[in-house]
Each structure stands twice: as C-alpha cells, then as structure tokens.
Amino acid sequence: MAARRSRWGASIASLAATLALASVPLPDGVAALRPDWVAVVLLYWSLMAPRHFSLMTAFWMGIALDTLTGALLGQNALALLVIVYLADKFHLRLRVFPLSQLVLTVLVLLGLYEFILFWIDGMAGRTVPLVERWLPPLTGTLVWIALYMLFDRREREAPARL
Amino acid sequence: MSAQGRTGSGFGRSGFTMGARFLLLAIVCVGLMLLDRREQHLVQVRRALSVAVYPVRVAVDLPFRTWNSLRETLAARQALIEENRRFRRARLETEARLLRLESLESENARLRELLDSSARIGNRALVAEILAVDLDPYYQRFDLNRGLVDGVYVGQALIDADGVIGQVVRVGPLTSEAVLITDPDHAVPVSVDRNGVRTIAVGTGDRGRLRLRNLTNNADIVVGDVLVSSGLGGVFPAGYPVARVVDVIRRPDQPFAEVIAEPVSSLDRDREVLLVWNAPDDAPRAAAAAVEASVAEAN
C-alpha cells in the first residue's frame, strides 16, 4: 500500500514539475526545441504504467496547459486526450514491442499531438509557423527515451500485467 | 474490440467504457474551444483557471526573481555608485527636458483650445513586472504581475522608456497576458513622425522586425524615419514612438513598397514595463465601437 502511495506521489509530483517545465523561459535559440513536456510525460505514464492516470488527468492537464500558455481553451486538452487514449488503447500490444518500435510509436503519437494543435490553430485563424513546429516531437521522443532508460528497467523485467 | 472496451471499463469510475469517456471529454473540449473563440463567453472560467495555475507561474518565476535580487545584493559597491551617478545625471537631463515639455504642453493646450479640438490628457500609468514565464513559443506573449485588482483592462497599451511594447489581451484577477507588437497576429496603427504618413505596423514573429503595410511605391518614407503610434484604433495613445524604418524596398512591378522597421523598445530585455491608461475622451474608440455595432447589425 505504501509503495502504491509513493508511486502516486511520484506521479503527482511529475505532473506538477511538467507544467513548470512547460513554461520555464528558454533562450530564443533553444525555445523552438522545447519538447512538449506534458505530452511526453503523460505518454510515458500511459505506456509504462497504464491505468495509472485516467483520461480525466489528460483533460485537466490540457486545460491547465491551455491556461498557462494562453492557447484556445481545450486545444491542448483535446490533443492530449487523443494521444493518451490511443496509447492506453494499444498499450498491451505496445508493451511487447522492441524498444525501437516503441520509440517510433512515441514519435508518431507526439507528431499527432503537434498536428492536432497545428490544425486547431489553423482553424482558429492564427498565423502558424510551418517548419519550427515539427521540432518538438523529435526532442520529445529523445526525452521519452531518456525517461525510459532512467526509470523503466525494472518494470520491463516484470511480467506484463494482463 | 470487446477486449479493448474492457481495458477501460475496469478502471472507469463512471460506468462508461474508455471509448465513451474519451468521446465525451473530446466533445467537451471542442465545445470549450468553440465558446472560447468568441472571447466573451469564457472570461469568468478563464479567470478562475488563471488563479488556479497562479502557483505554477510564481514557482517558475521565483528562481529568476531570486537570481535578480541576488545579483543586485551582491553587486559591487563601486558599480552601484557608478550606476547611481549615471541615473542622477540622466534624471537631471530628463527633468530639464520635462520643464521645456511642460511649457510646450501648456502652449499646445492653448493652441488646441483656439482650434477647438480636445486637448490630450496626460496618461495615467502603472509599473508592471513581466513574469519569467514562457508562453506559446510561436506567439510573442508574456504574463504580467498585474491583473483585475490593479484595474488592468483588455486592450490596455504597454510601453517602456523607449516606446510601445504591446497590449494586454487577457486579464486574470492577479495576472494578465499581453502580446508584443511583433507578434504575427498583432498590428499597430502608426504614422511617420516626419510627415504624418499613416500606415499599419504588422508583427512578423521576429522580435526585431515589423512590416509596414499598404505603403505605395511612391510613399514618402525613407530609412531612419521614426514611426509613432497614431492613436487610430483607440488602443494605443497617440504620439508614442513605435519603430524606426530600417529598410525600404521599392519594386516597380509591385503596387506596394516593402518596408521593414525595427521596434525602438527593447522587447526581449525588459523586465519592467508601464501600463498606460488611454485618455478617456476617446473619439477613435467610440468610432470603432460604432463600426463594430454596424457590422454586427449587418450580419
């Protein structure tokens, strides 16, 4: 029970830290490379420890992010919902994938996340930069790999929970 | 398919399957976006949410604030003395200029009375601090530590010692969100200080560039011209410097010249800015409101 509680503590802390990371100012040159922290961390949790967070978490994190970044209310929320839903739906299949395919899936999901944001921006009539937009999924995937290497060794060795 | 349905329902607190909950939340999101597009509907919700994320903003800003105050505390005495001396000199110069300006202002008021046009009233201003919080990287927005409690309103102009910086786009109880004049979705009505040619300075997304719209090839504009806010549109008070023209490209085959200007204020270095209250007798704003009303009627 205690272990479970500490895991909850860890995940709540990771979510709060994620929001902070998403809004820390970066120097102009690097700002375009900032990974979508919230998406990366939620993807990590929903692929590695599914059922840990519900869709509600994704929704509220998205709303918080929208408020912080001044985006259209619901924009990030919708994009996060979609990728978390997909990750959760397929996590059993994904867990038996070798790392390379897992990474590819993460890249695709982060790309999808960015595409949804891009699409909504376009529909809302905001002026959208085309090229810089596609860097965050790449850096995000790198961060995801780093998270995986750091935290997930042990869990991978345990048999998948069915 | 059924197996996947069960994946969700085991955890769902409500009786819904995962797919149903996803659909429900997605619809909520779309609804929120539609409402938010028409800014007014969600103002209260936005305000409540902005209070909820206030701790995050403060937490992110804190290290930068601490670093700044630490640097001030640890600055060498000599440097402080030097700075103090420089400020005193600058103040003396400014005050001398101000004296002259005051006499000019009263003269101006008298002349305006003669012309029967409304005198410009000195604008009220309030110092605000920019929070070190990065918003959307593609849009040039930032947070200020002033909100409704300080009387900030949407559309309020922001200036610094050199000129116009931007305007407030969203106000929360404690913080507000502002946009730089170089944001790609932002435009300032300006006029050339030298001859009064009016144009619009549109942001490019690059903090060092503004583009001037609709200037014909034979418009009287040259490199070095200072652009001041024209006061049209009713957001920015007239007469504040906005930018300086750095490049004029006239192409004979194009109807309009391409004019690039550089903002005069230091958009990426400021930490403290001034919120100005526009003069209350706003003919342009009333006119804009009237236009909006007529457009709404037409629709």
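How many of the five residues of strand 5 of chain B are buried? The legends below describe a predicted model, in which local features need pLDDT of at least 70 and side-chain atom pairs count only at pLDDT 80 or more, while totals for chains, interfaces and linings use all residues. Residues are numbered from 1 along each chain as its sequence is written, and chains are lettered from A and ligands numbered from 1 in the order in which they are written.

**View 1. Strand 5 of chain B is buried on both faces.** Five of the five residues of this strand are buried, so strand 5 of chain B is largely enclosed by the rest of the structure. A residue counts as buried if 20 or more other C-beta atoms lie within 10 Å of its own, as exposed if 12 or fewer do, and as partly exposed in between, with C-beta atoms placed from the backbone. Strands (E, at least two residues) and helices (H or I, at least four) are DSSP runs numbered from the N terminus. In a regular strand the side chains alternate between the two faces of the sheet. Here Ser176(B), Ala178(B) and Leu180(B) are buried on one side, and Glu177(B) and Val179(B) on the other.

**View 2. Strand 5 of chain B pairs with strand 2 and with strand 4 of chain B.** Two strands are taken to pair if DSSP finds at least two bridges between them. Strand 2 (residues 141–144) and strand 5 (residues 176–180) of chain B are antiparallel and share four bridges. Across this pairing, Phe142(B) stands opposite Ala178(B), and Asp143(B) stands opposite Glu177(B). Strand 4 (residues 164–171) of chain B is joined to strand 5 by five bridges, also in the antiparallel sense. In that pairing Arg170(B) is the residue opposite Glu177(B). A hairpin of four residues connects strand 4 to strand 5 of chain B.

**View 3. Six strands of chain B close into a barrel in the order 1-2-5-4-3-12.** The pairing in this barrel is antiparallel. Neighbouring strands of the sheet are turned against each other by 45 degrees on average, direction ignored. Axes are lines fitted to C-alpha atoms, for helices over the stretch in contact, and angles run from 0 to 180 degrees between N-to-C directions.

**View 4. Another barrel in chain B has six strands in the order 6-7-8-11-10-9.** Its pairing is antiparallel, and the twist from one strand to the next averages 40 degrees. Within this barrel, strand 7 (residues 198–203) and strand 8 (residues 210–213) of chain B pair in the antiparallel sense over four bridges. Val202(B) stands opposite Arg211(B) in strand 8.

**View 5. The largest nonpolar core has 48 residues.** A nonpolar core is a set of buried Ala, Val, Leu, Ile, Met, Phe, Trp, Tyr and Cys residues joined through C-beta atoms within 7 Å. Val38(A), Leu42(A), Leu43(A), Leu80(A) and Leu81(A) touch the most other members. At least two residues each come from helix 1 (2–23), helix 3 (37–48), helix 4 (55–69), helix 5 (75–95) and helix 6 (99–124) of chain A, and from helix 2 (18–37) of chain B. Helix 3 of chain A gives the largest share, eleven residues. Another core, of 39 residues, lies apart from this one and includes Leu210(B), Leu215(B), Ala261(B) and Val273(B).

**View 6. Chain A, with eight helices and zero strands, meets chain B.** Of the 162 residues of chain A, 38% count as buried. The contact takes 36 residues from chain A and 34 residues from chain B, where two residues are in contact if their C-beta atoms, placed from the backbone, lie within 7 Å. Helix 1, helix 4, helix 5 and helix 6 of chain A each give two or more residues to the side that touches chain B. That side has 22 nonpolar, eight polar and six charged residues. Ala, Val, Leu, Ile, Met, Phe, Trp, Tyr, Cys and Pro count as nonpolar, Asp, Glu, Lys and Arg as charged, and the others, Gly among them, as polar.

**View 7. Arg65(B) lies in helix 4 (residues 54–74) of chain B.** Arg65(B) is partly exposed, because 14 other C-beta atoms lie within 10 Å. The C-alpha atoms of Arg65(B) and Leu131(B) are 8.8 Å apart, although 66 residues separate the two along the chain.

**View 8. Confidence falls below a pLDDT of 50 over residues 1–14 of chain B.** The pLDDT is the predictor's confidence in each residue, from 0 to 100. Chain B averages 79, and 82% of the residues score at least 70. Beyond near neighbours in sequence, the stretch 1–14 has 16 contacts in the model. Residues 281–291 of chain B also have a pLDDT below 50, with nine such contacts. Where pLDDT is low, the predicted coordinates should not be read in detail. The model scores ipTM 0.78 and pTM 0.69.
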